[in-house]
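Reader: I have a structure to study and would like to go through it one question at a time. Where should we begin?

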Amino acid sequence: MALAFSFENIASVYDAQRAHPPEAAAQIGQAIVGLIGSCASLLELGVGTGRIAVPTAQAGGLVAGVDISAEMLALAAQRAKATEVELALICGDAQQLPFPDQSFEAVLAVHVLHLLPDWRSALSEIVRVLKPGGIFVQGSDWRDPDSCVGRLRTQLRLAAIEFMPGSRPPGAGAALAQALARSGGTTSEPFIAATWVTSVSPADVLAGMAARFDAETWVLSDAMLATVMERVHAWAEATWSDLTKPEMVEHRFMLSVTRIGTAEPEVMHS
């Protein structure tokens, strides 16, 4: 089932959930440049507000970003201007990239492929725009699954799936890894680029969910979100005696690298 939502509607709250602390952001940018090489050309799919692209450019990468949302790109441009870095920002579809073949030495995707209606087309486009021997870098945010953040996000996901059967993201896990392998790619084990700790209470997490900070809420109507949040809130009240009591939550940003082979990739079908 294709996910039907517009990033224009969540651009203003995106960083509330996704933004990294400055020190962690710098470490992430440095880690990416360490993978691709200084002054290497990098395309970020779904560049969003520039939370990854800007620190990567600050660390020495030559970064272009493509995003389907003009609102997101406007925020990325503001961030680049404020930090005095250059980003080439283009409004476009990751499933049909507006670049010639073999344009980049690396492509980066963070929390984007699973949101696309046809992630296989996007993967074919990644292979097409990479130079021979180029690398595909995947990034992901990890939160301690046993923390209040992890446990409540699990409940949110379960409730959303219950009320919207078939709403699971289309591109995930083994299918993506298998498609990369068929494209001649060899993927490394994920590694930690940055780690940090925040103080968060269950009440904070619930408020963020209600404000649509979490991706699982983006496809829900206002009425459906209210129903889902009622279920999650009831679970939280039964789990914690004091929802306002904060706990320390570990966060990590993970990176993995797929080096695309020079052999002709297998054609992928949706």
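Author: Begin with a definition: buried means under 20% relative accessible area, exposed means over 50%, and partly exposed is in between. Keep in mind that this is a predicted model.

Reader: Using that scale, is Arg 231 buried, partly exposed or exposed?
Author: The relative accessibility of Arg 231 is 39%. Buried needs under 20% and exposed needs over 50%, with partly exposed in between. Arg 231 therefore counts as partly exposed.

Reader: Which residue meets Arg 231 in a salt bridge?
Author: Side chains of opposite charge can pair when their charged atoms come close. Here the N to O distance is 2.8 Å. Arg 231 lies in helix α9 (residues 222–239) and its partner in helix α6 (residues 148–163), so the pair ties together parts that are 69 residues apart in sequence. The partner, partly exposed at 46% relative accessible area, is Glu 162.

Reader: Where does Arg 212 lie, and which residue does the salt bridge of Arg 212 tie to that place?
Author: Arg 212 lies in the loop between α8 (202–210) and α9. At 17% relative accessibility, Arg 212 counts as buried, because buried means under 20%. The partner lies in helix α9, 10 residues apart in sequence, and counts as exposed at 61% relative accessibility. That partner is Asp 222.

Reader: Which residues are joined into one network by salt bridges that share partners?
Author: One of the pairs is Glu 125 with Arg 128, with the closest N and O atoms 2.8 Å apart. Being 3 residues apart in helix α5 (residues 119–129), these two are separated by about one helical turn. Glu 125 is buried at 12%, while Arg 128 is partly exposed at 24%. With shared partners, the network joins Asp 101, Glu 125 and Arg 128.

Reader: How many salt bridges does the structure hold?
Author: The pairs discussed include Glu 162 with Arg 231 and Arg 212 with Asp 222. The count for the structure is 6.

Reader: Let us turn to the helix α2. What span should α2 have, and how far apart are its end C-alpha atoms?
Author: Helix α2 covers residues 22–36, which is 15 residues. The expected span is 1.5 Å times one less than the number of residues. That gives 21 Å for α2, and the end C-alpha atoms agree, being apart by 21 Å.

Reader: Which residue just after α2 takes a positive phi?
Author: The last residue of α2 is 36, since the helix is residues 22–36. Just after α2, a phi of about 100° is found at Gly 37.

Reader: Which residues touch the most other members of the largest nonpolar core?
Author: This core has 28 residues. The elements giving two or more residues to this core are α2, α3, α4 (70–83), β4, β5, β7 and β8. The largest share, 5 residues, comes from α2. The residues that touch the most other members are Ile 32, Ile 36 and Phe 253.

Reader: Which residue in helix α3 is in contact with Ile 32?
Author: Leaving aside neighbours up to four places away in sequence, Ile 32 touches Leu 42, Ile 52, Thr 56, Leu 108 and Leu 255. One of these has its place in helix α3. At 0% relative accessibility it counts as buried. That residue is Thr 56.

Reader: Which strands pair with β8 in the antiparallel sense, and over how many bridges?
Author: Strand β6 (residues 185–187) pairs with β8 over 3 bridges, and one bridge there joins Thr 186 to Arg 259. In the pairing of β5 with β8, over 9 bridges, Arg 143 has His 251 as its bridge partner. In the pairing of β7 with β8, Thr 195 has Arg 252 as its bridge partner, and the number of bridges is 9.

Reader: How far apart in space are Met 254 and Gly 139, C-alpha to C-alpha?
Author: Met 254 lies in strand β8 and counts as buried at 15% relative accessibility. Its contacts include Gln 138, Gly 139 and Ser 140. Met 254 and Gly 139 are 115 residues apart in sequence, yet their C-alpha distance in space is 5.5 Å.

Definitions and conventions. Residues numbered from 1 in each chain as written. Predicted model: local features only at pLDDT ≥ 70, side-chain atom pairs only at ≥ 80, totals over all residues. Heavy atoms only, no water. Helix = DSSP H or I, 4+ residues; strand = E, 2+ residues; numbered from the N terminus. Pairing = 2+ DSSP bridges. Core = buried A, V, L, I, M, F, W, Y, C linked by side-chain atoms within 4.5 Å. Buried < 20%, exposed > 50% of the residue type's maximum accessible area, 1.4 Å probe, protein only. Contact = heavy atoms within 4.5 Å. Salt bridge = Lys/Arg side-chain N within 4 Å of Asp/Glu carboxyl O.
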